[in-house]
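Student: I've got a protein model open and I'd like to learn how to read it. Can we go through it together?

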Amino acid sequence: MKKHTSIFAILILALLTFCGIISLYLYLPYWKLQQQKILQEQKLAVDLYKDISYPNKSIGSVNLTRMNAASLTAVLQKERKPYDDSTATLQINNDTIKYKMKDLGQHIYYKCSDGSTFESGEENALAQYIISIDKKRSIKEQYDIIKGNEEATTLKISIQCECREAQLNKIIRALSKKYDVAAENSRITSSYVVLPAKEGCVLDTQTIAKELRTYLNRQTTKNFSGGYKTTKVKPVWYPEDLKKVNTLIARHATTFKENTSRGYNIRLAASRLNGVCLLPGEDISFLDVLYNKKDKKSYKKSDAFFRGDVVQAEGGGICQVSTTAYHTFLLAGILPEKRYPHSMPVGYSKLGLDAALSVGGKDLVIRNTLDVPILILSQTKKGTLAVAIQSYQDALKGKTYRPRSEKITDKEAKTFLDVYVGKTKQESISLSHDTYN
């Protein structure tokens, strides 16, 4: 009996299996058809979003969901426009100056939460980027996003503003040029005319730059407005100070042949140096002064040194003016900032106490290291060139200065500046060690 029961069970199981296979075979086409319908529905839904942005996209408080490229571009431009249209107004004294953002060179751009950035003018490219996000995901995933069963990628866009330093600095320089007026110290001319001092003014451009920089690196669409006033700047030296420049403190003279081209050059150079007034800390470049052609005159050709030879050159001989002046400055205790010897010894100076000039090369640069103004007088008369310095009566504070040349050979020397108080030598300052050809 048990044997018959087992056979029967096997037959029943085989029958059920056969029926299941037949049912599956009959159902499979239907299942495939259903899957195709589902996929078709998903594709149709996704195709509707082909050129439309998915959810979770925004710029500021504006939701960008279901927008096409044209709509997105328009929204992006609209959001940016208030930044473009912002102005910065400066009230300086009685002047009103208004700048647009493009005048200030402000950098306005779009920054996405995923790190992507787009410049102004690239709104269409940004719109396409917004639409493209999530489009590389599977049809099912995109369908689930559309149905709200899955979260779309979040993309938040903000308007970023940055200060372009180069343009801001250009604006600040222009303001400084317009409103900064240097105070003019009193001066004294070679004819002893004391010129009046004039007040200047200065604009606090550092504060303006700081406030504009803060504004330009902004998140607000509000306009900027700031009020500023120039501040008076008083001169340091007034006529009563310059009237004290009435005492000769140093003088040195050399001789030259007057009725020659070289003599003409020396007279012209001396006239250009005459009357130069140096306030404390001010410099004089002898190349700048002696080649200043405000008098519209030109030097003649005369003897000059060039690479160990004597050649004819325009301005030959004017080194005698710089050399004579150099000696005079040493007598006033003023050491040079720059000084060069000639390539060969000169007859109007001891070795090491000459000062050569060469356009584009050698220069004599002197800074007034005294604490009072000085007036340089440079005059020629009957073949004598004299350079003198006038200043306050106590400008040298009781000291006497004596330049000294120690000849080592006929073409080598060391020079010093000896400092005396009364008849006592206080110190000896080393000046130079020169070798000539």
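Student: Which residue in S7 does serine 58 stand opposite?

Tutor: Keep in mind that this is a predicted model. Start from the two strands: S1 and S7 pair in the parallel sense, over three bridges. Serine 58 falls inside S1, which covers 57-59. Its opposite number in S7 is lysine 156.

Student: Okay, and which strands are at the edges of the sheet?

Tutor: Let's lay the sheet out. It is open, has mixed pairing, and its five strands come in the order S2-S1-S7-S5-S6. An edge strand here pairs on one side only, and that picks out S2 (62-63) and S6.

Student: Which strands does H2 lie across?

Tutor: H2 spans residues 69-85. Relative to S5, this helix runs at about 140°. The strands it lies across are S1, S2, S5 and S7.

Student: Is histidine 107 buried or exposed?

Tutor: First, place the residue: histidine 107 is found in strand S5. Leaving out residues up to four places away in sequence, it touches Glu119, Gln160, Cys161, Glu162 and Arg164. Its relative accessible area is 14%, and the cut-off is under 20%, so histidine 107 counts as buried.

Student: Now helix H4. Why do its buried residues line one face of the helix?

Tutor: H4 covers residues 123-132, and its buried residues are Glu123, Leu126, Ala127, Ile130 and Ile131. Look down the axis of H4: they line one face because they all fall within an arc of 140°.

Student: What covers that buried side of H4?

Tutor: Several elements we've already met play a part. Among the strands there are S5 (107-112) and S6 (117-119). The full cover includes S1, H2, S5, S6 and S7.

Student: Which residue just after H4 takes a positive phi?

Tutor: H4 itself is the stretch 123-132, so look just past its end. The phi there is about 80°, and the residue is aspartate 134.

Student: Last one: how far apart are the axes of H6 and H7?

Tutor: Two packed helices are described by an angle and a distance between their axes. H6 (residues 165-179) and H7 (residues 205-216) pack at an angle of about 150°, and their crossing is right-handed. The contact includes Leu168 and Ile172 of H6 and Ile208 and Leu212 of H7, and by class it has six nonpolar, two polar and two charged residues. The distance between the axes of H6 and H7 is 10 Å.

Terms used: Residues numbered from 1 in each chain as written. Predicted model: local features only at pLDDT ≥ 70, side-chain atom pairs only at ≥ 80, totals over all residues. Heavy atoms only, no water. Buried < 20%, exposed > 50% of the residue type's maximum accessible area, 1.4 Å probe, protein only. Helix = DSSP H or I, 4+ residues; strand = E, 2+ residues; numbered from the N terminus. Arc of directions from axis to C-beta. Contact = heavy atoms within 4.5 Å. Axes fitted to C-alpha atoms, helices over the stretch in contact; angles between N-to-C directions. Left-handed = near helix turned anticlockwise from the far one by under 90°. Nonpolar A, V, L, I, M, F, W, Y, C, P; charged D, E, K, R; others polar. Pairing = 2+ DSSP bridges.
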